[in-house]
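Okay, thanks for making time, everyone. Let me put the structure up on the screen, and then I'll talk you through it.

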Amino acid sequence: MTRSFSELSARARETWTDEARHVFAAASTVFQHELDDRASLGLHVRTARRSLALTQPALAELTGLQQSEISRIENGLSNPTLETVLRLARALSMTLTLSPKAAVGVGAESARESARRTSDLRDADVMNAAWN
């Protein structure tokens with residue numbers, strides 16, 4: 001009898017095809033990047049809020065957001081909408097800027113390829129491969 005989710009999932013993975021393993025690994029990487037990005041956003045929000053000597057309740061009042069949502073964002077536990085991020089940025093006297101991770105040239109091509117592969121990965125593909 002299986003005693004934990006870890007044991008159950010390990011047994012299930014033993015039956016996966018190579019394709020399923022590949023899709024799972026790709027999805028895991030994408031998911032980890034998303035978690036890292038959420039944590040980074042939260043750290044930026046917390047740092048900016050503290051540098052302005054604002055409490056979470058004070059920031060909530062400035063933005064119209066719930067204090068609990070600000071806490072979740074700062075702890076990387078939320079997936080805020082663009083509107084929410086912009087509200088926070090305005091209240092913290094910040095701007096939202098998108099900047100490349102890689103330098104122009106070979107690294108930029110690698111970044112474009114990575115973004116394309118990420119966008120090609122669909123939830124249905126992950127679920128079908130993982131459970132078949």
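So, a question to start: of the contacts in the protein with a separation of 6 or more, what share comes from residues 24 or more positions apart? The answer is 56%. Keep in mind that what you're looking at is a predicted model.

Now the overall layout. The protein has seven helices and zero strands, so to speak an α-α-α-α-α-α-α pattern when you read along the sequence. There are 132 residues, and 26% of them count as buried. As for the surface, the protein exposes about 9,700 Å², with carbon and sulfur atoms supplying 57% of that area.

Let's zoom in on helix 5, which covers residues 82–91. Which of its residues are buried? That would be T84, V85, L88, A89 and A91. If you look down the axis of helix 5, those buried residues fall within an arc of 170 degrees, so they line one face of the helix.

And what does that buried set pack against? Three partners here: helix 2, residues 18–51; helix 3, residues 56–63; and helix 4, residues 67–74.

Flip to the face of helix 5 turned away from the buried side, and you'll find the exposed residues L82, E83 and R90. Yes, there's a leucine in that exposed group, L82.

One last thing to point out: helix 5 is followed by S93, and the phi of S93 is positive, near 55 degrees.

Okay, that's my tour. Over to you for questions.

Terms used: Residues are numbered from 1 along each chain as its sequence is written. This is a predicted model: local features need pLDDT of at least 70, side-chain atom pairs count only at pLDDT 80 or more; totals for chains, interfaces and linings use all residues. Side-chain values use heavy atoms; hydrogens and water are left out. Buried means under 20% relative accessible area, exposed over 50%, partly exposed in between (1.4 Å probe, protein chains only). Helices (H or I, at least four residues) and strands (E, at least two) are DSSP runs, numbered from the N terminus. The arc is that of the directions from the helix axis to the C-beta atoms. Contact means heavy atoms within 4.5 Å. Accessible areas come from the Shrake-Rupley method with a 1.4 Å probe; for residues, only the protein chains shown count as cover.
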